Amino acid sequence: MHVVGIDTSTFTGGIALLRDGQVVAEYSVYVTRRNSESLVAVLKDMLRDIDWTPRDLQGIAVAVGPGSFTGTRIGVTMAKVLGFSLDIPISPVVTLDAIAANVAFARSLVCPVISARRDLVYNATYKADGLSPERVTEYNVARISEVVDAVKNMDDLIQDQGYDKVIFLGDGALRHRQIIEENLEDLAVIGQPWYLGPKPGVVAALGERQIALGNTVDARDLVPFYMGKSSAEMAKARCGS
């Protein structure tokens with residue numbers, strides 16, 4: 001199967017091309033509004049470089065958030081346009097799932113945290129010990145202090161599974177590193193910079209699995225996975241109050 005993976009939902013992002021489970025091309029960049037909007041041109045170059053045409057694509061995987069409101073919308077819009085024009089299925093990939101999959105074989109609890117605003121983070125917790133980390137909490141948006149307290153209360157799960165570490169990933173792990181390490185001490189590990197954010201190749205791989213299972217959406221039904229109000233919406237609400 002030939003799949004394109006798209007991610008513009010956080011501070012890192014890009015495009016990957018996957019053939020039968022193998023990444024054959026990948027472009028990653030620190031996401032800004034300017035370069036995220038130029039990804040269509042990047043995709044055309046990537047397809048040309050590996051001698052594919054758009055019609056060779058059989059599926060689309062796209063990170064749908066939570067994360068940057070503007071960035072996520074750009075990636076979702078690109079996926080919708082491709083889906084409409086090529087008439088191929090789309091697999092929405094939750095950004096937290098994609099980040100957790102960066103350390104699938106870590107045999108540890110994994111807690112990706114994506115900065116929302118101020119001390120709020122999007123988060124979930126996973127058991128990693130194989131190809132696909134198993135999510136053990138709901139997707140959530142909470143203060144970083146509440147996330148840390150929740151991890152403390154997972155002591156039974158940590159001990160039962162023989163885990164001795166909780167790996168924190170995402171830009172929220174860097175932003176709130178001091179709070180995490182001061183409260184969890186040796187239990188917490190902050191991931192290395194090169195796998196803190198979602199990878200386009202991982203998004204493509206997760207999407208390919210779901211496409212093979214038939215878990216897809218039509219382009220017209222694809223929407224971002226928002227878990228809170230955008231800054232613009234909050235400003236509008238304040239003005240109207």
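Leaving aside its neighbours within four places in sequence, which residues is Thr 72 in contact with? I'll start there and work outward. One thing before that: this is a predicted model.

The contacts of Thr 72 are Thr 8, Ser 9, Ala 63, Val 64, Gly 65, Gly 67 and Pro 224, with neighbours within four places in sequence left out. Thr 72 itself sits in helix H3. Its relative accessibility is 1%, so it counts as buried.

Now the helix. H3 takes in residues 69-86, which makes 18 residues. From the first C-alpha to the last it reaches 26 Å, close to the 26 Å expected at 1.5 Å a residue. Thr 72 has company inside: the buried residues of H3 also include Phe 69, Gly 71, Ile 74, Gly 75 and Val 76. Further along, Met 78, Ala 79, Leu 82, Gly 83 and Leu 86 are buried as well.

Look at the two ends. At the N-terminal end, Ser 68 acts as a cap, with a side-chain oxygen 2.9 Å from the backbone nitrogen of Gly 71. After the helix comes Asp 87, and its phi is positive, near 55°.

Just ahead of H3 there is a cis peptide bond, between Gly 65 and Pro 66, with omega at about 10°. Pro 66 belongs to the loop that runs from strand S4, residues 59-63, to H3. Gly 65 is also one of the contacts of Thr 72. As background, most peptide bonds are trans, and most residues other than glycine have a negative phi.

Next, strand S6, residues 108-115. Is this strand mostly covered or mostly open? Mostly covered: eight of its eight residues are buried.

S6 pairs with several strands. With S11, residues 166-169, it runs parallel, and four bridges join the two. In that pairing Cys 111 stands opposite Phe 168. With S8, residues 126-128, the sense is antiparallel, over three bridges. There, Leu 109 has Lys 127 as its bridge partner. With S7, residues 120-123, S6 is again joined by three bridges, and the two run antiparallel. Ile 114 is partnered by Tyr 122 in that case.

S6 and S7 also make a hairpin, with four residues between them. Arg 118 is in the turn. Its phi is near 50°, a positive value in a residue other than glycine. Arg 118 is exposed, at 62% relative accessible area.

Glu 185 has a positive phi too, near 50°. You will find it in the loop between H8 and strand S12, residues 188-190. Glu 185 is exposed, with a relative accessible area of 56%.

On to helix H5, residues 144-152. Which of its residues are buried? They are Ile 144, Val 147, Val 148 and Val 151. These four cover an arc of only 100° around the axis, which puts them on the same side of H5. What lies over them? The cover for the buried residues of H5 includes strands S6, S7, S10 and S11, along with helices H6 and H8. So S6, the strand we just left, is part of that cover.

Last topic, the aromatic rings. The count comes to three aromatic pairs. I'll describe two of them.

One is Tyr 139 with Phe 225. The ring centres are 5.5 Å apart and the planes are at 70°, so the pair is edge-to-face. Tyr 139 is in the loop between S9 and S10, and Phe 225 is in the loop between H9 and H10, so the pair ties together parts that are 86 residues apart in sequence. Both residues are at intermediate exposure: Tyr 139 is partly exposed at 22% relative accessible area, and Phe 225 is partly exposed at 25%.

The other is Trp 194 with Tyr 195. Here the centres are 6.2 Å apart and the planes are at 85°, so this pair is edge-to-face as well. Trp 194 is exposed, at 56%, whereas Tyr 195 is partly exposed, at 22%.

To go back to the opening: Thr 72 is a buried residue in helix H3, and its contacts include Thr 8, Ser 9 and Pro 224. That's what I have.

Definitions and conventions:
Residues numbered from 1 in each chain as written. Predicted model: local features only at pLDDT ≥ 70, side-chain atom pairs only at ≥ 80, totals over all residues. Heavy atoms only, no water. Buried < 20%, exposed > 50% of the residue type's maximum accessible area, 1.4 Å probe, protein only. Pairing = 2+ DSSP bridges. Expected span 1.5 Å × (residues − 1). Polar contact = N/O pair within 3.5 Å; in protein donor to acceptor, adjacent residues only side chain to side chain. Arc of directions from axis to C-beta. Contact = heavy atoms within 4.5 Å. Phe/Tyr/Trp six-rings, centres within 6.5 Å; stacked < 30°, edge-to-face > 60°.
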